[in-house]
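Trainee: Could we go through this model together? I would like to know what stands behind the words we use for it.

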Amino acid sequence: MNEQALYDLAPVLELMALGLLLALGPLAWVWLRKRESGPVSRLQALSVLTLFLTFDLVLFGAFTRLTDSGLGCPDWPGCYGSASPWGAKNQIASAQAAMPTGPVTHGKAWIEMIHRYLATTVGVLIIAMTLLAWRLTRTQKREARILNPWWPTLALVWVCLQGAFGALTVTMRLFPAIVTMHLLGGTVLLALLAVPASGLGLAQRGQPPTRIPPGLRRLLWLGLGLLLVQAALGGWVSTNYAVLACSSFPTCQGNWWPAMDFAQAFEIWRPLGLLQNGSHISFEGLTAIHYLHRLGAYVVVPMLLVLCWQLRAVPELARQRRWLGSLLLAQVLTGLSNVVLDWPLAAAVLHTGGAAALVAVIVWSLAISRSQAKSADAVIARGKEVYE
């Protein structure tokens, strides 16, 4: 591969202009669709559209990783100092001739750059959301609580951090811990965007938050926390290419408890395929990485089934319960497909997207609900005790 500086900022202005140009499409669509509506309605539409495109970004990020296109352009933010693979076709051709299967090929370079274009577009849309939310908060005081501009502001800060992790993914040559954090960061960004999208949607319909029992709300928070941990474990499996360490289910390598090296599995800060001492990670280490994710599933799946069952008591959250149940079923099926069908690309991408979607659904449920207040009888009884 030709030597190339890891950072080449020459195409930054071109990439920023391209991101702005691409973002004009979604912004124009929101404006035209909501031109007869008020600014709050336009902000809500923009929030939902940005949420949708961020989910697409998470899916395409998984596709980029699973097609080994993460180093399709060996520098950042462009491709051999150009804003597109067209401008780097000679360098890419030279690298591909030296190593026909990668990591740099014309196809992989385009996949990598399209991922960066989509990320830039999402960043511009989040900037637009943030500016619009702060502007409306100042001009429409009575709706300040509904708008809560700190959520898009937090999302803007987070997407900047995501950009930094994206750069480190390339410059640190797919360092597993960095790639895993980048993957998990995309899921967190989706969660941050789900909050304003859900809250503004509730306000647009003129509905108050749904009151649910405190225990159910705690269960939602627990489900969210466990899902994020499981997503991190899944990312660790993927970024270490440990999926095929177990090619059967429910056993692994014909055993219920195969030979595993958990010390290697928990060695986080190391290059891809290597340990901190420079030796290669063993098959037992890869097996431990895989099996940790499987053990996590044995906890998370039953817990989410319990959550689905408990949500039956709240008719207002029936839609969220259906989404949660359907996504959980799909997640189990795609996870099994990855193991028994030799890691098919479609199932692997959908498995990553399914985890992100499950997080978004639980955040959606939390955003449109509040803990139920004590019953009136309990309050009256407590008042009597005080006066007596």
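Mentor: Gladly; this is a predicted model, and we can take the terms in turn.

Trainee: How do you know that the radius of gyration agrees with a compact globule?

Mentor: The globule rule multiplies 2.2 Å by the number of residues to the power 0.38. For 388 residues that gives a value near 21 Å, and the protein chain has 23 Å, so the two agree. Its C-alpha atoms fill a box of roughly 85 × 55 × 35 Å along the principal axes.

Trainee: What share of the residues counts as buried?

Mentor: Buried residues make up 49% of the 388; the cut-off is under 20% relative accessible area.

Trainee: What makes a group of residues a nonpolar core?

Mentor: The members must be buried residues of nonpolar kinds such as Leu, Ile and Val, joined through side-chain atoms within 4.5 Å. The largest such core here has 30 residues, and L216, L227, L304, L307, L324, I362 and V363 touch the most other members. Two or more residues come from each of α7, α8, α10, α11 and α12, with α12 giving the largest share, eight residues.

Trainee: Which residues does I362 touch, leaving out those up to four places away in sequence?

Mentor: I362 touches L220, G223, L224, L227, L304, L307 and L324. Apart from this core lies another, of 19 residues, including C246, I281, A288 and L292.

Trainee: How many helices and strands does the chain have?

Mentor: The protein chain has 13 helices and four strands.

Note on methods:
Residues are numbered from 1 along each chain as its sequence is written. This is a predicted model: local features need pLDDT of at least 70, side-chain atom pairs count only at pLDDT 80 or more; totals for chains, interfaces and linings use all residues. Side-chain values use heavy atoms; hydrogens and water are left out. Buried means under 20% relative accessible area, exposed over 50%, partly exposed in between (1.4 Å probe, protein chains only). Contact means heavy atoms within 4.5 Å.
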